[in-house]
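Reader: Hello! I would enjoy a close look at one part of this model, and I would be glad if you then followed the thread to other places in the chain. Could you walk me through it?

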Amino acid sequence: MNETIGNPVANMAIFGVFVLVTLFIVIKASKKNADATEFFTAGRAFTGTQNGVAISGDYLSAASFLGIAGAIAVYGYDGFLYSIGFLVAWLVALLLVAELLRNTGKFTMADVLSFRLKQRPVRLAAATNTLAVSLFYLLAQMAGAGVLVALLMNIESAAGQSLVIAVVGLLMIVYVLIGGMKGTTWVQIIKAVLLIGGAAIMTLLVLFKFGFNLSEILGSAQSMISSSEDAKVAGRDVLAPGAQYGVSFTTQLNFISLALALVLGTAGLPHVLMRFYTVPTAKEARRSVVWAIALIGAFYLFTLVLGYGAAALVGPDRILAAPGGVNSAAPLLALELGGVVLLGIISAVAFATILAVVAGLTITASASFAHDIYATVRKGHTVTEQEQVRVSRITVVVLGLLAIGLGILAREQNVAFLVALAFAVAASANLPTILYSLYWSRFNTRGALWSMYGGLISTIVLIVFSPAVSGTATSMIKGADFSWFPLSNPGIVSIPLAFILGIVGTLTS
């Protein structure tokens, strides 16, 4: 496998330099992290432009780089549907949520949801949902980290990849404990610049190899797929829909469910919503989203070329045979284009992507626990800002260890698919209550609780009993079959159900 992966020592040297540089930045940014405003929202000191770059760094996760490029390389047209869904979702966030959210909040999503409802039950529900979404998202990022470093170090054993995930989780804990939101934001800004720049360079190299002729890239990709040794892959048309979401009614329904989750999920992601609190005004929050849309849109156009370029230059057979399977397409393409040096650089950038996203997720979840659950439960005791920060740091350690365990369980899953599950939870458990709270004056506490808990419970139950967890060769739990829900993504059921529960709960109160 060495000739396929490159030189593990050189790869890890580049990777190590990046870790040291980012750790230095985090330590430098951590000088003032004593109070809650500094630790959770970086003192609201970032401009709209800076925050927009940081949002793109927070949002462009391992799923965006590893999962989508791999999905396009193996499934063609159907893989690009992830890019479309992730991008369109930002229009929902811009038009419906960003500005109003900044006006009504302080630290967390629960600040908005409990603004005019009963504080205690709504805060507990919102914090529970925040922790659930964050854990699902962390699951995807940790799985991506395992794939990436396994590629770098040429590790094929399950034990070796599990150890890698553990090391990544511990590094993430260190980043958040030291840097807080300010350190995390600067890592996200640097990572966004490096990731989008790296993707742009790879895109130019792919186009240069084919004389800047997109038709040549697509033709070569089709030739490689047609000559695949895998019978399922060999029969695919790279430009036709149906390779992953085929012509059967169930697969088409699964696609609609996935699309709903992707488009509606962003506006309910707690770690994205929390970024609106790091700017001083609602106007800057809106500017943040405009910048984020521009950068994210450019990046997803690059993934189209990278995915088809990987199919053309690497081929689906090599991608599927490498450690990490589908997720290895982008690193293998970097090796093909620029050898060990480019592979090391791109892998370091992808690793920075994972670190920045998991740091943002972890600080969001820990802030929600400290600010919403702990402070609410201890209502007979005045919880100081310093105490909230201390509890948040303890939560970071617990969440990090839990994420390591879940990441080991899901290390063979497609990262983009895992993120889509997190989007389904966010769209079902959070978005209906956010929209009702901001736009429906009659909305009340019962409606909020029914919508949040109903959306969360229905989504998790349907995921547990879906083919994503058991019943197929690609399920998380191999050799078991307790699935009765036919769709891998439950969004088509759980999202409308959560909206309906919010209405019914409100009208019957």
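Author: Happily; what follows starts with the salt bridge and then moves on to helix pairs, a surface patch and two loop residues. Please keep in mind that this is a predicted model.

Let us begin with the charged pair. How many salt bridges does the structure hold? There is one. Its partners are R318 and E336, and the closest N and O atoms of the two are 3.2 Å apart. R318 belongs to helix α15, which covers residues 316-321, while E336 belongs to helix α16, residues 329-377, so the contact ties together parts that are 18 residues apart in sequence. In general, side chains of opposite charge can pair when their charged atoms come close. Is R318 buried or exposed? The answer lies in between: R318 is partly exposed, at a relative accessible area of 32%. E336 also falls into the partly exposed class, with 36% relative accessibility. The cut-offs behind that word are 20% and 50%, because under 20% counts as buried and over 50% as exposed.

Next come the helix pairs. Two packed helices are described by the angle between their axes and the distance between the axes. For helix α4 (residues 48-59) and helix α14 (residues 282-313), the axes come within 7 Å and cross at roughly 45 degrees. The two helices are therefore oblique to each other, and their crossing is right-handed. A residue to look at here is Q50, which sits in helix α4. Q50 is partly exposed, with a relative accessibility of 28%. Its C-alpha atom is 9.8 Å from that of R287, although Q50 and R287 are 237 residues apart in sequence.

A second pair is formed by helix α20 (residues 445-464) and helix α21 (residues 491-507). Their axes come within 7 Å too, with a crossing angle of roughly 155 degrees. What does that angle say about how α20 and α21 run? They are roughly antiparallel to each other, because angles over 145 degrees are placed in that class. The crossing in which α20 passes α21 is right-handed.

Now for the surface. A nonpolar patch of about 610 Å² is made by I84, V88, L91, L95, L96, L100 and Y439. Which helix gives the most to this nonpolar patch? Helix α6, residues 77-104, does, with six residues. L91 is found in that helix, α6, and L91 is partly exposed at 42% relative accessible area. That value satisfies the patch criterion, because its residues need over 30% relative accessible area.

Finally, two loop residues are worth a visit. F212 is in the loop between α9 (158-209) and α10 (214-226). Its phi is positive, at about 55 degrees, although F212 is not a glycine. F212 counts as exposed, with 52% relative accessibility. R236 is in another loop, between α11 (231-234) and α12 (249-265). Is R236 buried or exposed? At 15% relative accessibility, R236 is buried. The C-alpha atom of R236 is separated by 7.0 Å from that of I225, and the two residues are 11 positions apart along the chain.

To return to your starting point, the pair to keep in view is R318 with E336, joined by a salt bridge.

Key. Residues are numbered from 1 along each chain as its sequence is written. This is a predicted model: local features need pLDDT of at least 70, side-chain atom pairs count only at pLDDT 80 or more; totals for chains, interfaces and linings use all residues. Side-chain values use heavy atoms; hydrogens and water are left out. Patches are made of residues with over 30% relative accessible area and no salt bridge: like charges are joined within 9 Å, nonpolar side chains (Val, Leu, Ile, Met, Phe, Trp, Tyr) within 5 Å. Accessible areas come from the Shrake-Rupley method with a 1.4 Å probe; for residues, only the protein chains shown count as cover. A salt bridge is a side-chain nitrogen of Lys or Arg within 4 Å of a carboxyl oxygen of Asp or Glu. Helices (H or I, at least four residues) and strands (E, at least two) are DSSP runs, numbered from the N terminus. Buried means under 20% relative accessible area, exposed over 50%, partly exposed in between (1.4 Å probe, protein chains only). Axes are lines fitted to C-alpha atoms, for helices over the stretch in contact, and angles run from 0 to 180 degrees between N-to-C directions. Angles under 35 degrees count as roughly parallel, over 145 as roughly antiparallel, 65 to 115 as roughly perpendicular and the rest as oblique. A crossing is left-handed if the near helix is turned anticlockwise from the far one by less than a right angle, and right-handed if clockwise.
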